[in-house]
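Please open the structure in your viewer and keep a selection panel at hand, since this tour goes from one selection to the next and says what is to be found at each stop.

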Amino acid sequence: MENIVVPYDFTDRADCAVRHAAHIARNMKAEVILLHIVKKAAQSAEAENKLQGLCAQFAQDLKTDFRFIVKEGTIFDTINEVVSDENSQLVVMGTHGMKGMQKITGSWALKVIVGCHVPYLIVQKDPEYSTPTTILFPVDYKIESKEKLKWMPILSYVNKIKVVLFGQQGNGPMYDNPTRANMNFCKHYLDDHNIENDSVWVDEKGSFLELSLKYCEEHKMDIIMITTTRDIAFHDYILGAYEQTVISNSAGIPVFVVNPRTDVKMVYSNF
């Protein structure tokens with residue numbers, strides 16, 4: 001990992017994201033890039049002056065390399081443009097959850113995340129990772145469930161981790177059988193990489209992601225990992241995509257979000 005991007009708007013939540021990013025970057029020998037987006041180029045000089053001092057202070061306090069980028073644009077396009085330009089491997093972003101009109105039109109965080117080729121870690125408060133860091137890994141019947149696996153060995157460099165594979169049964173053979181197959185695949189992968197893991201099954205009816213979040217909160221997990229809905233559309237934001245509930249969870253649990261690749265079936269047929 002070469003660098004981690006943190007969208008930075010001088011708020012407390014952005015500072016939380018900085019501390020999470022530094023926690024990861026130290027062990028990955030990566031630098032942290034603070035990205036500040038301005039509406040007009042005339043605002044750049046003031047932001048650059050502030051960020052220069054902040055980067056020096058963060059580097060001293062958090063024992064991590066920092067630099068900054070100030071760019072004109074919008075959060076919906078510019079973050080992912082910088083990720084591509086800088087060959088970044090991860091974005092860590094603070095969120096205030098869903099407020100006001102966002103409850104109707106969708107979470108800004110989700111709109112920013114969708115379409116990016118690298119994962120996002122969405123945070124609401126300072127790092128509180130236990131040892132080992134416990135990660136809830138929801139597994140459903142979709143092949144995209146496996147796509148999160150490639151990040152497990154990488155995260156194990158940051159902290160010792162324990163992965164809880166979480167599945168739902170009772171939805172009929174059409175869904176239960178592929179879910180069990182995916183759970184077995186994930187367990188074998190984690191075992192092969194010497195990553196501590198456990199499997200949990202629930203037969204409770206309801207939204208799978210909401211059940212995952214409920215388990216995560218009740219068992220005080222450190223991180224929950226999800227994949228976004230492929231080809232998410234405007235009506236998903238209006239109706240409230242399940243991912244919004246998880247990303248904006250009231251417990252403030254960090255959410256590691258992976259976007260499905262378009263070639264995922266080809267990739268995992270040869271995994």
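Begin by selecting Asp85 and Lys71, whose side chains form a salt bridge with the closest N and O atoms 3.7 Å apart. This pair ties together distant parts of the chain, since Asp85 belongs to helix H3 and Lys71 to strand S3, with their positions 14 residues apart in the count. The model is a predicted one, and the distances quoted along the way should be read with that in mind. Asp85 counts as exposed because its relative accessible area is 57%, and the cut-off for that class is over 50%. Lys71, in turn, has a relative accessibility of 26% and is therefore partly exposed.

Keep Lys71 selected and add Glu81, which forms a salt bridge with Lys71 as well, here with 3.9 Å between the closest N and O atoms. Once again the link is between distant parts of the chain, with Glu81 in helix H3 (residues 78–86), Lys71 in strand S3, and the two ten residues apart. Glu81 is partly exposed, because its relative accessibility is 38%.

Next, move along to Glu31 and Arg67, where the side chains meet in a salt bridge at 2.6 Å, N to O. Glu31 sits in strand S2 (residues 31–38) and Arg67 in strand S3 (residues 66–72), so that the pair, 36 residues apart, links distant parts of the chain. With relative accessible areas of 22% for Glu31 and 28% for Arg67, both residues are partly exposed. Add Glu86 to the selection, and you have a network of salt bridges that links Glu31, Arg67 and Glu86. In general, side chains of opposite charge can pair when their charged atoms come close. If you would like to look for the remaining pairs yourself, a search of the whole structure finds nine salt bridges.

Stay in strand S2 for one further stop, and select Leu34, which has its place in that strand. Is Leu34 buried or exposed? Its relative accessibility is 0%, and Leu34 therefore counts as buried. Show Val6 alongside: Leu34 and Val6 are 28 residues apart in sequence, while their C-alpha atoms are 5.0 Å apart in space.

Now turn to the interior space. The structure holds one cavity of 30 Å³ or more, and the largest cavity contains about 120 Å³ of space. To display its surroundings, select His23, Ile24, Leu121, Tyr129, Thr133, Ile135, Leu155, Val158, Asn159, Ile161, Ile223 and Phe256, the residues that line the largest cavity. Coloured by element of secondary structure, this lining receives at least two residues from each of helix H1 (12–28), S6 and H6. Coloured by residue class, the lining of the largest cavity divides into nine nonpolar residues, three polar ones and no charged ones.

For the last stop, go to the surface and select Tyr141, Met174 and Tyr175, which form a nonpolar patch with about 340 Å² of accessible area together. Where along the chain does Tyr141 lie? Tyr141 is found in the loop between strand S6 (133–138) and helix H6 (152–158), two elements that also supply residues to the lining of the largest cavity. Tyr141 counts as partly exposed because its relative accessibility is 37%, a value that also satisfies the requirement of over 30% for residues in a patch.

How values were computed: Residues are numbered from 1 along each chain as its sequence is written. This is a predicted model: local features need pLDDT of at least 70, side-chain atom pairs count only at pLDDT 80 or more; totals for chains, interfaces and linings use all residues. Side-chain values use heavy atoms; hydrogens and water are left out. Patches are made of residues with over 30% relative accessible area and no salt bridge: like charges are joined within 9 Å, nonpolar side chains (Val, Leu, Ile, Met, Phe, Trp, Tyr) within 5 Å. Accessible areas come from the Shrake-Rupley method with a 1.4 Å probe; for residues, only the protein chains shown count as cover. A salt bridge is a side-chain nitrogen of Lys or Arg within 4 Å of a carboxyl oxygen of Asp or Glu. Helices (H or I, at least four residues) and strands (E, at least two) are DSSP runs, numbered from the N terminus. Buried means under 20% relative accessible area, exposed over 50%, partly exposed in between (1.4 Å probe, protein chains only). On a 1 Å grid over the protein atoms alone, a cavity is a set of points where a 1.4 Å probe fits but cannot get out, and a pocket is an open set with protein on both sides within 12 Å along at least five of seven lines; lining residues have an atom within 4 Å of a point. Grid points are joined across faces, edges and corners, and a volume is the space filled by probe spheres set on the points. Ala, Val, Leu, Ile, Met, Phe, Trp, Tyr, Cys and Pro count as nonpolar, Asp, Glu, Lys and Arg as charged, and the others, Gly among them, as polar.
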